[in-house]
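Hi,

Here is the structure I promised to pass on. Have a look at it first, and then read my notes below.

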Amino acid sequence: MSSNPTEHPSALIDQVRAAAADRQPLRIVGGDTKAFYGHPTPGTPLSMAAWSGIVSFEPTELVVTVRAGTPLAELEAVLAEKGQCFPFEPPRFGAGGTVGGMVAAGLAGPARACVGSVRDFVLGAQFINGRGELLTFGGQVMKNVAGYDVSRAMAGSLGTLGVLAELSLKVLPVAPAEATLVFELNQADALEQLHRWGGQPLPINASCWVKDDTAPGAPELLFVRLRGAVAAVEAACTRMAQEAGGLRMDNAQAGPDWTACRDQTLPFFTPPAPDLCLWRLSLPQTAPVLALPYAQFIEWQGAQRWLWAPASAAAELRVAAAAVNGHATLFRAGTDGAPGVPRFSRQTPAIETITQRLRQQFDPAGIFNPGRT
């Protein structure tokens, strides 16, 4: 299937060329559902809303090519009709999120640790550089590796390298079976159990651990989602429940809970106080329990840990994360905007050098989302 509302992003190119000539910054806008992520960006809005539509979709090839302004919900609905999906479960922070925003932000949901990141599903990209040139890298099949790394570099770049125009993405079939088990385990025991299961041939797809500190005596719970062949999921349910005393949830209840986890609409993600910030700690899966005085929500088999803490805790959190070879990100600022607090941990000198060279190559005038990262 295909949809071609226009043939060439000439209006976008003209706006980029004019901004480059005047050295005026541009703020790339899709659905603006992730404006909170990264530093506030100045500049004239460059809207991607009109540049939308599915260019081609080959269900038998598991590849879709789509314009960057296409609403993510619209594309996911088309994929669902064919029993396919983005298995990395991109979070939807609002109804207007776009495919370009999904790739530019590089964020993934509960299944990330088991299925891969957004970057792993980018096959090719067409984008407008800071000179107003339309460049194409990669292709529509995994065998086409020419420029593949450049396409992947756009994932998570937050629009600082160029304006995404068109993307070729790999999709996968929806798993034939799914089940969720819940275990009453403290954080240390939950992490240890996840590490043990991680070394076994089990169809684990996602996990989250949470303790409701707002309710006295509330249990500490580990939720584990299994996906795969029917026989494999059923066998794993029996084995894991016997091993750690878990109970199987009804999918009608578990499904909406996982969706709320993906979209950060669970009660944990409601700010306990307006001045607190939501922090994301990205750590090795084998990282131990961190001695921090903040309630945590843990995903990705221990690799992603969320907590609410004041902006003033930046140094404490970054030191704690670095001590186990991880890093901390200020994901959502409190009502005061956390002025002066870097949203992201500093990159290593080698990565910083590569990043600066890419930006100099693709956006020499520095007009795209300046200061976002």
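What radius of gyration would a compact globule with 373 residues have, and what does the chain have? The rule gives a value near 21 Å, and the chain has 21 Å, so the two agree. Please keep in mind that this is a predicted model.

Some overall figures to start with. The C-alpha trace spans about 65 × 50 × 35 Å along its principal axes. The chain holds ten helices and 17 strands, and buried residues account for 50% of its 373 residues. If you take the contacts between residues at least 6 apart in sequence, 70% of them join residues at least 24 apart.

Next, the interior. In soluble globular proteins, nonpolar side chains tend to be buried together. Here the largest nonpolar core has 44 residues, and F86, V103, L164 and L169 have the most contacts inside it. Elements giving two or more residues to this core include the helices α1 (10–22), α2 and α3, along with the strands β1 (26–29), β6 (122–128) and β8 (163–170). A second core, separate from that one, has 24 residues, among them Y37, W258, F268 and F297. Back in the largest core, V103 is worth clicking on: leaving aside residues up to four places away in sequence, V103 touches V118, V122, M154, A155, G156, L164, L167 and L169.

Two helices are good to look at end-on. In α2 (residues 72–81), the buried residues are L72, L75, E76, V78 and L79. Viewed down the axis of α2, these fall within an arc of 155 degrees, so they line one face of the helix. Their packing partners are β3 (54–58), β4 (63–67), β5 (84–85), α3 (99–105) and α8 (251–262). The face turned away from the buried side carries A80 and E81, which are exposed. After α2 comes G83, with a positive phi near 70 degrees.

The other helix is α6 (residues 187–198). At 1.5 Å a residue, its twelve residues should span 16 Å, and the end C-alpha atoms are indeed 16 Å apart. Q187, A190, L191, Q193, L194 and W197 are buried in α6; seen down the axis they fall within an arc of 165 degrees, so they too line one face of the helix. The partners they pack against include β10 (177–184), β11 (204–211) and α7 (230–244). At the start of α6, a side-chain oxygen of N186 comes to within 3.3 Å of the backbone nitrogen of A188.

Best wishes

Methods: Residues are numbered from 1 along each chain as its sequence is written. This is a predicted model: local features need pLDDT of at least 70, side-chain atom pairs count only at pLDDT 80 or more; totals for chains, interfaces and linings use all residues. Side-chain values use heavy atoms; hydrogens and water are left out. Buried means under 20% relative accessible area, exposed over 50%, partly exposed in between (1.4 Å probe, protein chains only). Helices (H or I, at least four residues) and strands (E, at least two) are DSSP runs, numbered from the N terminus. The arc is that of the directions from the helix axis to the C-beta atoms. Contact means heavy atoms within 4.5 Å. A nonpolar core is a set of buried Ala, Val, Leu, Ile, Met, Phe, Trp, Tyr and Cys residues joined through side-chain atoms within 4.5 Å. The expected span of a helix is 1.5 Å times one less than its number of residues. A polar contact is a pair of N or O atoms within 3.5 Å; within protein, one must be able to donate a hydrogen and the other to accept it, and residues adjacent in sequence count only if both atoms are side-chain atoms. The radius of gyration is taken over C-alpha atoms; the globule rule is 2.2 Å times the number of residues to the power 0.38.
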